[in-house]
Amino acid sequence: FIFDRKAVFTFSASQIEMDLEELEMELIDAGLEELENDEGTLTITTDFTDFSNMQKQLESMNIELESSELQRFPNNTKSLDLEDAKLVLKLIDKLEEDEDVQNVFHNMEMGEELMAQLDD
(Lines give C-alpha, C1' and ligand atoms only; values in the text may rest on other atoms or scores of the structure.)
Protein backbone atom coordinates (compact mmCIF):
# COMPACT_ATOMS: atom_id res chain seq x y z
CA PHE A 1 0.00 0.00 0.00
CA ILE A 2 1.14 3.52 -0.71
CA PHE A 3 -0.58 4.95 2.40
CA ASP A 4 -1.41 3.86 5.95
CA ARG A 5 -4.76 5.00 7.33
CA LYS A 6 -4.45 6.62 10.75
CA ALA A 7 -6.77 8.33 13.19
CA VAL A 8 -5.45 11.74 14.29
CA PHE A 9 -6.71 13.72 17.28
CA THR A 10 -5.55 17.20 18.31
CA PHE A 11 -6.27 19.16 21.47
CA SER A 12 -4.77 21.80 23.72
CA ALA A 13 -2.22 20.60 26.29
CA SER A 14 -3.49 23.24 28.74
CA GLN A 15 -6.50 21.07 29.63
CA ILE A 16 -4.31 18.14 30.77
CA GLU A 17 -3.70 17.91 34.50
CA MET A 18 -0.96 15.27 34.24
CA ASP A 19 2.45 15.07 32.63
CA LEU A 20 2.83 13.65 29.13
CA GLU A 21 4.21 10.30 30.33
CA GLU A 22 1.13 9.76 32.50
CA LEU A 23 -1.09 10.76 29.59
CA GLU A 24 0.70 8.27 27.33
CA MET A 25 0.13 5.48 29.85
CA GLU A 26 -3.59 6.36 30.02
CA LEU A 27 -3.93 6.25 26.22
CA ILE A 28 -1.89 3.14 25.35
CA ASP A 29 -4.80 0.75 25.93
CA ALA A 30 -6.95 2.84 23.59
CA GLY A 31 -4.43 2.29 20.76
CA LEU A 32 -1.97 5.18 21.10
CA GLU A 33 0.81 4.92 18.52
CA GLU A 34 2.32 8.39 18.80
CA LEU A 35 1.91 11.48 20.98
CA GLU A 36 3.44 14.76 19.81
CA ASN A 37 3.57 18.12 21.58
CA ASP A 38 3.91 21.09 19.26
CA GLU A 39 3.91 24.36 21.18
CA GLY A 40 1.03 23.38 23.45
CA THR A 41 -1.01 21.46 20.90
CA LEU A 42 -1.02 17.71 21.43
CA THR A 43 -1.47 15.37 18.46
CA ILE A 44 -2.35 11.73 19.01
CA THR A 45 -2.03 9.16 16.23
CA THR A 46 -3.61 5.69 16.30
CA ASP A 47 -4.44 3.03 13.75
CA PHE A 48 -7.73 3.89 12.03
CA THR A 49 -9.35 0.81 13.62
CA ASP A 50 -8.77 2.40 17.06
CA PHE A 51 -10.57 5.66 16.18
CA SER A 52 -13.63 4.87 18.29
CA ASN A 53 -11.61 3.47 21.21
CA MET A 54 -9.43 6.58 21.40
CA GLN A 55 -12.36 8.94 21.03
CA LYS A 56 -14.17 7.22 23.92
CA GLN A 57 -11.03 7.29 26.07
CA LEU A 58 -10.48 11.01 25.46
CA GLU A 59 -14.14 11.75 26.21
CA SER A 60 -13.93 9.79 29.47
CA MET A 61 -10.95 11.98 30.43
CA ASN A 62 -13.00 15.13 29.65
CA ILE A 63 -10.60 16.20 26.91
CA GLU A 64 -12.14 18.64 24.45
CA LEU A 65 -10.83 17.91 20.96
CA GLU A 66 -9.88 20.57 18.44
CA SER A 67 -10.10 17.96 15.68
CA SER A 68 -10.48 14.24 15.11
CA GLU A 69 -10.12 12.77 11.64
CA LEU A 70 -8.85 9.92 9.53
CA GLN A 71 -5.75 10.71 7.50
CA ARG A 72 -3.46 8.84 5.15
CA PHE A 73 0.28 8.79 5.74
CA PRO A 74 2.68 7.74 2.96
CA ASN A 75 4.73 4.58 3.49
CA ASN A 76 7.46 6.03 1.29
CA THR A 77 8.08 9.46 -0.11
CA LYS A 78 9.34 10.62 -3.48
CA SER A 79 11.80 13.46 -3.97
CA LEU A 80 11.16 15.74 -6.93
CA ASP A 81 13.15 18.51 -8.49
CA LEU A 82 11.86 22.05 -8.06
CA GLU A 83 10.00 22.25 -11.38
CA ASP A 84 8.22 18.92 -10.90
CA ALA A 85 7.37 19.83 -7.30
CA LYS A 86 5.78 23.09 -8.50
CA LEU A 87 3.67 21.15 -11.02
CA VAL A 88 2.52 18.64 -8.40
CA LEU A 89 1.63 21.42 -5.93
CA LYS A 90 -0.31 23.21 -8.68
CA LEU A 91 -2.24 19.98 -9.36
CA ILE A 92 -2.92 19.52 -5.62
CA ASP A 93 -4.25 23.09 -5.43
CA LYS A 94 -6.55 22.45 -8.40
CA LEU A 95 -7.86 19.23 -6.84
CA GLU A 96 -8.47 20.93 -3.47
CA GLU A 97 -10.45 23.71 -5.20
CA ASP A 98 -12.95 21.16 -6.55
CA GLU A 99 -15.99 21.15 -4.27
CA ASP A 100 -16.42 17.38 -4.75
CA VAL A 101 -12.93 16.63 -3.38
CA GLN A 102 -12.80 16.16 0.38
CA ASN A 103 -9.08 15.46 0.95
CA VAL A 104 -5.94 15.22 -1.14
CA PHE A 105 -3.03 13.05 0.01
CA HIS A 106 0.37 12.73 -1.64
CA ASN A 107 3.73 11.09 -1.03
CA MET A 108 5.93 13.94 -2.27
CA GLU A 109 8.80 14.68 0.09
CA MET A 110 8.28 18.18 1.46
CA GLY A 111 11.65 18.85 3.10
CA GLU A 112 12.86 22.22 4.36
CA GLU A 113 15.15 22.63 1.37
CA LEU A 114 12.29 22.20 -1.11
CA MET A 115 10.04 24.51 0.89
CA ALA A 116 12.75 27.20 0.92
CA GLN A 117 13.12 26.94 -2.87
CA LEU A 118 9.35 27.15 -3.36
CA ASP A 119 9.22 30.35 -1.28
CA ASP A 120 11.75 32.04 -3.59
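**Exercise 1. Charges**

How far apart are the mean positions of the positive and negative charges of the protein chain?

*Solution.* Keep in mind that we are working with a predicted model. Start with the counts: the protein chain has 8 positive and 33 negative charges. Then take the mean position of each set; these two points lie 12 Å apart.

**Exercise 2. Overall form**

Work out the order of the secondary structure elements, then judge how spread out the protein chain is.

*Solution.* Step one is the tally, which gives 4 helices and 4 strands. Step two is the order: read from the N terminus, the elements follow the pattern β-α-β-β-α-β-α-α. Step three is the radius of gyration, 17 Å for the protein chain, whereas the globule rule gives 14 Å for 120 residues. The first value is well over the second, so the chain is more spread out than a compact globule. As a further step, look at the C-alpha trace, which spans about 50 × 30 × 25 Å along its principal axes.

**Exercise 3. Surface and contacts**

Describe the burial, the accessible surface and the contacts of the protein chain.

*Solution.* Begin with burial: 21% of the 120 residues count as buried. Next comes the accessible surface, about 8,600 Å², with 44% of it belonging to carbon and sulfur atoms. Finally, consider contacts with a separation of 6 or more: 68% of them are between residues 24 or more positions apart.

**Exercise 4. The largest nonpolar core**

Which residues have the most contacts inside the largest nonpolar core, and which elements give two or more residues to this core?

*Solution.* A general tendency helps to set the scene: in soluble globular proteins, nonpolar side chains tend to be buried together. Here the largest nonpolar core has 14 residues, and Phe11, Leu23, Leu27, Ile44, Met54 and Leu58 have the most contacts inside it. Strands E1 (3-12), E2 (32-38) and E3 (41-47) each give two or more residues to this core, as do helices H1 (20-28) and H2 (51-60). The largest share, 3 residues, comes from E1. Now zoom in on leucine 27: beyond four places in sequence, this residue touches Leu32, Ile44, Met54, Gln57, Leu58 and Met61.

**Exercise 5. Two strand residues**

Is threonine 46 buried or exposed, and is aspartate 38 buried or exposed?

*Solution.* Take threonine 46, in strand E3. Its relative accessibility is 0%, so threonine 46 counts as buried. Setting aside neighbours within four places in sequence, its contacts include Lys6, Phe9, Leu32, Phe51 and Met54. Turn to aspartate 38, in strand E2. Aspartate 38 has a relative accessibility of 53%, and therefore counts as exposed. To finish, aspartate 38 and alanine 13 are 25 residues apart in sequence, with 9.3 Å between their C-alpha atoms.

Methods: Residues numbered from 1 in each chain as written. Predicted model: local features only at pLDDT ≥ 70, side-chain atom pairs only at ≥ 80, totals over all residues. Heavy atoms only, no water. Rg over C-alpha atoms; globule rule 2.2 N^0.38 Å. Buried < 20%, exposed > 50% of the residue type's maximum accessible area, 1.4 Å probe, protein only. Contact = heavy atoms within 4.5 Å. Areas by Shrake-Rupley, 256 points an atom, 1.4 Å probe, with all protein chains shown as cover. Lys, Arg positive; Asp, Glu negative; His and termini not counted. Charge placed at Lys NZ, Arg CZ, Asp CG, Glu CD. Core = buried A, V, L, I, M, F, W, Y, C linked by side-chain atoms within 4.5 Å.
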